[in-house]
Amino acid sequence: MKDLTLPLMSNNIDRDDINCLIEFLQQEPIPRLTNGPKVVEFEEAWSDWLGVKHSVFVNSGTAANELSMLALKHLFPEGGEIIIPPLTWISDINSVLFAGFDPVFVDINLKNLSFDLDKLEKSINDNTRAIFVTHILGLNALSDRLLKLCIDNDLLLIEDVCESYGATYNNTKLGSIGFASNFSFYFAHHMSTIEGGMVSTNDDNFYQLCRSLRSHGMVREFNDDKVIEKYANDYPDLNQDFVFIGPAHNFRSTEVNAVLGLSQLDKIDSNNELRIKNFQHFVDNLDSEKYYTDFEIDGQCNYAFIVIMNVGDYKLRDRIENMMNKNGIEFRRGLSGGGNQMKQPYFRNHNINFNEFPSIDHVHNFSWYVGNYPTLEIDKIDNFIRLLNEIE
Ligand SMILES: Cc1ncc(COP(=O)(O)O)c(C=O)c1O
C-alpha cells in the first residue's frame, strides 16, 4: 500500500549539501572553522538574495530576535513599548522582555494571521517605539496601511520573517522592507544551516551595532574605523582588543554552518516554487464550508499547510486530531509557537482581558499546521485534503 503519511518536514539538508561540507573540511591546510570568511560570504550572498545592504549571521532565529531587540535598545536606551502579536514564536516576546522593552499585545486577523490593524492603531501612543511584526507560516503581514502607520507615528518596523522567507509584498521580498528583519535556518524552515539565523538591515548604524552585540558587545567587531577610534580615545586605559559597549551575548555561528547556508541558498528559489504550488493547491481544494480559506495569499511562500476550523467545535476538533493521528499526519495545534502566547504561564497573571483577543483565541483552539516541503508528493496532499473534507 502506498505510504500517505505526512511528516512535518523531510530532511531539507541533502546529499549535495553534505558533499559541499565534506569538500570544505577536506581542504589543506585545515580551514578555519570559527566565524570567518565563509560566514562573510554567506552574509553577502544572503543580502544579495534578499535585496538588502547588510546581514549578520547568528546561531539561531531566537538569537536573531534577541540581537535585533538588543540593538534597538541602543537606539532607545530609555526603553518604551514594542507592539507584538500573540501569535508568534516565544523568542519574539522574550527578546522584547530581555532587552527591557514593554511588550504590548494586539489581536490578529484571520486573513493574514497578523495584526488587526484597527486594534493596532488604537494601541499606538507616545511611548511606542516599534512594531515587531511576525509573518506567519508563509503569509505576508505587510500592507499599505501598516507601513503608513509606521511612517505617520515615527515607528520602526522590525520584521520576523523566520516562517515566510521568499514571500513578497508588492513583489518585494519580505525582510527587505522594514528597518530590520530576522530569519531562522532551523531544520523545519525554508532552508537550513542545522541551527542558524540572520539579522538583515539597510541601516549602517544598526548593522554595526548588531556586529558588535553578536560578539559580546566587542568594539573590535565594528567594521567602522571611526567608531573604533572614538572608543580608543574615550577609554585609553583599556586594552583595545577588549572593550565592550554594554551587556551582550555570544550569538556567533561557525564556518561549517555558513558552508551549508551557501549550498542551501543555491536551491531556495526552486524549492520555494514547489512549496508555493503545494499551498495554492491545498487552499484551492479545501472545503471552505468547514475550514477558513479566505487568506490573503498573494506573494505567499509557505513551509506548512494552515488548517483553521470555521466553527469552534471541540468535539469536531478531537475527531480531526484523531483522524490525523490515525493516518500518520504530523501536526502542531495553534499554528506558530502553539497559539496564544499570552496564555503562557508568565503572562496569565498580567491582567489580560482575553475577551479582547477573540481571533487568537480561535486560532489557539481550532487550528493546526502540517508540513509542506519540496519533495512532498501530490498524492499525499490530496489524501490529506480528502480526509479533512470528508470528516463530519
Ligand atoms: C516566527 C519565529 N521566530 C523565531 C523563531 C526562532 O527560531 P529558532 O528556532 O531558529 O531559534 C521561530 C522558530 O521556529 C519562529 O517560527
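**Exercise A. The cavity**

Determine by class how many nonpolar, polar and charged residues the lining of the largest cavity has.

*Solution.* The lining comprises 2 nonpolar, 4 polar and 1 charged residues; here Ala, Val, Leu, Ile, Met, Phe, Trp, Tyr, Cys and Pro count as nonpolar, Asp, Glu, Lys and Arg as charged, and the others, Gly among them, as polar. The model is predicted: local features need pLDDT of at least 70 and side-chain atom pairs pLDDT 80 or more, while totals for chains, interfaces and linings use all residues. Residues are numbered from 1 along each chain as its sequence is written, and side-chain values use heavy atoms, without hydrogens or water.

Next, identify the residues themselves. The largest cavity is lined by Asn-12, His-190, Met-191, Gln-264, Lys-267, Ile-268 and Asn-271. Its volume is about 30 Å³, and the structure holds 1 cavity of 30 Å³ or more. On a 1 Å grid over the protein atoms alone, a cavity is a set of points where a 1.4 Å probe fits but cannot get out; a pocket is an open set with protein on both sides within 12 Å along at least five of seven lines, and lining residues have an atom within 4 Å of a point. A volume is the space filled by probe spheres set on the points, which are joined across faces, edges and corners.

**Exercise B. The largest pocket and the ligand**

State which space is taken by the ligand, and which residues surround the ligand most closely.

*Solution.* Begin with the site. The ligand occupies the largest pocket (more than half of its atoms lie within 2 Å of the grid points), and this pocket has a volume of about 520 Å³. It is lined by 30 residues, of which Trp-89, Tyr-186, Ala-188, His-189 and Tyr-303 are the closest to its centre. Two elements, α3 (61-75) and α4 (90-99), give two or more residues to this lining (helices are DSSP runs of H or I with at least four residues, strands runs of E with at least two, numbered from the N terminus). The largest share, 3 residues, belongs to α3. By class, the pocket lining has 11 nonpolar, 13 polar and 6 charged residues.

Then consider the shell. The ligand is surrounded by 15 residues, the closest being Gly-61, Thr-62, Asp-160, Glu-163 and Ser-184 (a heavy atom within 4 Å). Again α3 gives the most, with 3 residues. The shell divides into 3 nonpolar, 9 polar and 3 charged residues.

Finally, list the polar contacts (N or O atoms within 3.5 Å):

- Glu-163 places a polar side-chain atom 2.6 Å from a ligand oxygen atom.
- Gly-61 has a polar backbone atom 2.8 Å from a ligand oxygen atom.
- Asp-92 has a side-chain N or O atom 3.3 Å from a ligand nitrogen atom.

Of the 390 Å² of accessible area that the ligand has on its own, the protein covers 92% (Shrake-Rupley method, 1.4 Å probe).

**Exercise C. The second largest pocket**

Establish which element gives the most to the lining of the second largest pocket.

*Solution.* The second largest pocket holds about 350 Å³ of space. Its lining has 24 residues, with Asn-35, Val-40, Glu-43, Arg-211 and Arg-214 the closest to the centre. At least two residues each come from α2 (37-50), β1 (54-58) and α7 (204-214). The greatest contribution is that of α2, with 5 residues. By class, 4 residues are nonpolar, 10 polar and 10 charged.

**Exercise D. Backbone geometry**

Locate the cis peptide bond from Glu-28 and the positive phi of Leu-137.

*Solution.* Most residues other than glycine have a negative phi, and most peptide bonds are trans. The bond from Glu-28 to Pro-29 is cis, with omega near -10 degrees; Pro-29 lies in the loop between α1 (15-25) and α2. Leu-137, although not a glycine, has a positive phi of about 40 degrees, and Leu-137 belongs to the loop between β4 (128-134) and α6 (144-152).

Notes
Polar contact = N/O pair within 3.5 Å; in protein donor to acceptor, adjacent residues only side chain to side chain.
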